[in-house]
Each structure stands twice: as C-alpha cells, then as structure tokens.
Amino acid sequence: MEITLSIPIQRCHAHNHVGISFGSISPKLSEKRSMFIMGMGFVGQSLARKLQNQGWVVSGTCTTHVKKQQLQNMGFHVHLFDANHPDLDILRLLRNYTHILVSVPPLVGIGDPMLQHEELFRRSLANSDVQWLSYLSSTSVYGDCGGELVDEDYPTNPESELAKLRLSSEEGWSNLSYDLGISPLLFRLGGIYGPGRSAIDTIMKQKPMSEGQKRRKHRKYTSRVHVDDICQALMATVYVPPPREVYNIVDDDPAPREEVFEYAMKLVEEKWPELKLQSVEQRQKEWSNVNPKGDKRVCNARMKRELGLQLLFPDYKSGLKSIIHQIQSPFHCH
C-alpha cells in the first residue's frame with residue numbers, strides 16, 4: 001500500500017489508538033496502525049506477516065537487491081537501505097509510522113550500522129508519529145554466568161566483541177527513544193529457531209555446524225525461543241505499553257544443544273527412515289575441541305507475568321514437533 005507512506009498519521013486520543021487521516025476514505029482504514037521494520041530477516045518477516053493479517057500497514061528494509069526481490073515476491077513492501085549511504089527519503093518515511101522495530105545486528109569493527117546515523121534518526125523522528133520503538137537484542141549481553149538463573153536485573157557482563165556491541169546498541173537505541181519522549185523496549189532473545197531454521201533443517205540439509213553452533217553444543221544450558229513466541233511477545237506490547245523496558249524472551253527449557261540435535265535426529269528418522277543422514281557420532285567430531293562459553297539459565301518469568309504470555313512452544317520438543325509436522329517431503333525442506 002504505497003499510498004499510506006505519504007499520508008500523515010494522527011493520534012486519536014479519544015479512542016486511545018492511532019488512525020490515518022484519509023479524508024473521505026472508508027473509516028475502517030482510518031484505524032490502521034503502521035510498523036516499520038529495520039531489517040526484514042527471519043523474525044522481521046514472521047512479524048510482518050502476522051501484523052498484515054491483523055490489518056496493519058507494514059514496511060521494512062533489507063540490504064540487497066536479491067533480498068528485496070525475494071521479499072516483494074513474498075508480498076512484503078520493502079526498501080533497499082545501505083547503512084553506509086543512508087537514503088534520507090527512507091528516514092523521512094519513518095516519521096509517518098507509529099511503530100518501529102530494529103532487527104539489525106551489530107557488526108564487528110563497525111558496531112550498530114544504524115546508530116552510525118543516530119543524529120539523522122533523531123532529526124527524522126523528532127515530532128513524528130512514532131510511539132513505540134523496540135530493539136531486538138540478545139541474551140549474550142549477560143555473558144557466562146556459571147549456570148546461574150539470570151533475570152533482567154542480573155548485571156550484564158558481555159564477553160565477546162559482538163555481545164559488547166549488542167549492549168552498546170541497547171544503550172544507543174534507549175537513549176534515542178528517551179530523546180523522542182518514548183520508552184524504549186529491549187527484547188533479549190535466546191537462540192532463535194523456527195520453520196526453515198532449526199536443528200531439523202540443519203540435519204536434513206546435511207549442513208556443517210557454524211562456529212556459533214559448535215560453541216553452543218558444549219554448554220550445559222542453551223536458551224532458545226521459537227520465532228512465533230518472539231512475535232507473540234512483540235505483539236503483546238504494541239497494543240498495551242508494558243511496565244518495563246527490558247524483557248528476556250526465551251522458552252522454559254534451556255537444554256544443551258546436543259540433546260536438541262539428538263531429539264531432532266530421532267524425529268527425522270522416525271518420519272523418514274529411508275533417509276541416509278550423518279549420524280550424531282559424526283557430528284560429535286565437528287564439535288570437538290571447542291571451548292564452552294556463555295553458560296547461563298535465562299529466566300522468562302517477567303515476560304510471562306507482565307506481557308501475559310503463554311508460550312506456544314514452551315520447550316524444544318514441542319517446537320521441533322511442530323516444525324517437522326509442517327514438512328511434507330524431506331526433499332522440500334526450506
């Protein structure tokens with residue numbers, strides 16, 4: 001809906017919602033809310049689809065022409081945005097959106113690519129219609145906690161450079177939100193999984209472990225969360241402002257990665273016994289000689305209590321069962 005981008009959005013205080021001023025156009029359209037997603041990745045796409053289904057105007061950014069074409073083919077409205085050469089027209093568009101989600105990870109040696117242009121954002125969003133700004137962070141900001149139960153008040157102690165940059169991004173987006181007169185929302189996510197991005201997909205594609213996966217394998221505890229539960233948490237905050245600014249978004253079971261992979265292998269072998277898969281033992285070799293890092297059990301009590309969340313997938317078993325149920329053929333694994 002290109003037309004919505006240049007139409008001013010007005011707060012309707014009497015009804016405590018945001019509406020778009022369409023003059024004589026159908027009054028139903030005047031109740032639309034709008035979300036701009038900086039970084040239409042795995043989480044961004046899932047959230048965009050759910051919001052569109054609820055009648056929201058949704059737009060976002062990606063960084064390559066190929067990705068833009070793919071997202072447009074999926075029915076998303078996206079802008080190409082190069083953080084090294086920011087398009088001021090796109091920054092100006094942000095003024096007309098009521099909600100902004102930042103889902104762009106920091107880069108080693110650069111930091112937060114968006115916050116390089118903090119002043120541009122501040123000028124573009126001053127006196128704008130933005131009333132909600134959320135940044136997707138990571139539980140890595142807590143560092144290695146020796147297996148302790150970690151809630152949102154636990155002192156942050158990031159160890160890797162990326163984790164330190166995550167914490168810096170949290171501070172940057174929080175400060176920008178305060179300057180705009182709105183409360184920031186920081187979601188510290190566990191390891192994200194979902195359809196097309198899970199232990200089942202890794203096994204079926206016979207993909208080698210990434211360095212991050214290898215490190216996580218040796219941890220006694222690894223927090224994770226299904227993408228649908230991340231979206232559920234985000235959507236719980238867009239209608240009713242939450243009482244706090246920081247929320248851990250993880251499931252109830254911080255099981256070791258090895259256990260998750262063994263269960264995923266069992267599900268795949270049960271559904272398609274004819275498949276010839278790399279065994280867990282072969283994978284063990286890939287995982288050897290890796291230092292365990294970042295051990296902690298992340299607490300989700302605040303998320304449940306204050307956002308009223310009932311997890312769709314409270315543990316990896318329920319999540320993986322749902323994922324394999326959606327795969328019709330082992331040769332059409334996304």
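This tour moves from the whole chain to two aromatic pairs and then to a charged side chain beside a ring.

Begin with the entire chain of this predicted model, coloured by secondary structure, where 12 helices and 13 strands can be picked out. Of the 334 residues in the chain, 53% are buried, and the accessible surface comes to about 16000 Å², with 50% of that area belonging to carbon and sulfur atoms. If contacts with a separation of 6 or more are displayed, 76% of them join residues 24 or more positions apart.

Turn next to the aromatic side chains, among which the structure holds five pairs. Select Phe 36 and Tyr 97, whose ring centres lie 5.2 Å apart with the planes at 75°, so this pair is edge-to-face, the angle being over 60 degrees. Phe 36 sits in strand E3 (residues 34–38), while Tyr 97 belongs to the loop between helix H3 (88–93) and strand E6 (99–102), and the pair thus links parts of the chain 61 residues apart. Both Phe 36 and Tyr 97 are buried.

Now select Trp 56 and Tyr 239, another edge-to-face pair, with ring centres 5.9 Å apart and planes at 75°. Trp 56 is found in the loop between helix H1 (42–53) and strand E4 (57–62), and Tyr 239 in helix H8 (residues 227–239), so the pair ties together parts 183 residues apart in sequence. Trp 56 counts as buried because its relative accessibility is 6%, under the 20% limit, whereas Tyr 239, at a relative accessible area of 40%, is partly exposed.

Finish by selecting Tyr 221 together with Arg 297, which lies over the face of the Tyr 221 ring at 5.6 Å from the ring centre.

Methods. Residues are numbered from 1 along each chain as its sequence is written. This is a predicted model: local features need pLDDT of at least 70, side-chain atom pairs count only at pLDDT 80 or more; totals for chains, interfaces and linings use all residues. Side-chain values use heavy atoms; hydrogens and water are left out. Rings of Phe, Tyr and Trp (its six-membered ring) pair if their centres lie within 6.5 Å; planes under 30 degrees apart count as stacked, over 60 as edge-to-face and the rest as tilted. Helices (H or I, at least four residues) and strands (E, at least two) are DSSP runs, numbered from the N terminus. Buried means under 20% relative accessible area, exposed over 50%, partly exposed in between (1.4 Å probe, protein chains only). A charge sits over a ring if NZ of Lys or CZ of Arg is within 6 Å of the ring centre and within 35 degrees of the ring normal. Contact means heavy atoms within 4.5 Å. Accessible areas come from the Shrake-Rupley method with a 1.4 Å probe; for residues, only the protein chains shown count as cover.
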